[in-house]
Amino acid sequence: MLIFLSQGLCLDPTAVTKAFTQCHIIVFSTMFCFIVYPTAVMGITTCLRYLGYNEYFRVGMVVTAVMPTTTAMSTILTTLSGGNVPVAVANATLNNLMGIV
């Protein structure tokens, strides 16, 4: 929470507003987070079932796959890689809100 607050306070309000208008990035990231990655993990867990892996392990993989990433991790990694931090904050916030629903 502290990292998210410090990152949010350092951002320019116009940059955050502009970040929410870059829908193609947010849509791609959201689709990857909630559709592509969980589908790939479902395929992997199906293969693991035939290899005799524990059911609880497979269920844990699926549950972890459908959870959105933390806002702090998104902003830290984006800052370290020199990426667009306002878009990362906007995307992580929206994904976390969608993850609650």
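Reader: So buried means under 20% relative accessible area, exposed over 50%, and partly exposed anything in between (1.4 Å probe, protein chains only); in which of these classes does M73 belong?

Author: M73 belongs in the partly exposed class, because its relative accessibility is 42%.

Reader: Wait, before I go on, what kind of model am I looking at?

Author: It is a predicted model, in which local features need pLDDT of at least 70 and side-chain atom pairs count only at pLDDT 80 or more, while totals for chains, interfaces and linings use all residues. Residues are numbered from 1 along each chain as its sequence is written, and side-chain values use heavy atoms, with hydrogens and water left out.

Reader: OK, and how many helices and strands does the chain have?

Author: The chain has 6 helices and 0 strands, where helices (H or I, at least four residues) and strands (E, at least two) are DSSP runs numbered from the N terminus. If you follow the sequence from one element to the next, the pattern reads α-α-α-α-α-α.

Reader: And how much of the chain counts as buried?

Author: Of the 101 residues in the chain, 26% count as buried.

Reader: Back to M73, which helix is it in, and how far is it from A92?

Author: M73 sits in helix α5, and although M73 and A92 are 19 residues apart along the chain, their C-alpha atoms are separated by 9.2 Å.

Reader: Changing topic, where does F57 sit, and why is F57 called partly exposed?

Author: F57 has its place in helix α4, which covers residues 55-65, and F57 is called partly exposed because its relative accessible area is 43%.

Reader: How far is F57 from T45, in sequence and in space?

Author: Along the sequence F57 and T45 are 12 residues apart, whereas in space the distance between them, from C-alpha to C-alpha, is 8.9 Å.

Reader: Which helix holds V63, and what is its relative accessibility?

Author: V63 is found in helix α4, and it counts as partly exposed because its relative accessibility is 44%.

Reader: And what separates V63 from V41?

Author: V63 and V41 have 22 residues of sequence distance between them, and their C-alpha atoms lie 9.8 Å apart in space.

Reader: One last residue: where is V36, and why does V36 count as partly exposed?

Author: V36 lies in helix α3, which you can trace through residues 23-50. With a relative accessibility of 42%, V36 falls in the partly exposed class, and that value is the reason why.

Reader: Could you pull the helix α4 part together for my notes?

Author: For your notes on helix α4, you can write down that F57 is in this helix and that V63 is in it as well, with F57 partly exposed at 43% and V63 partly exposed at 44%.
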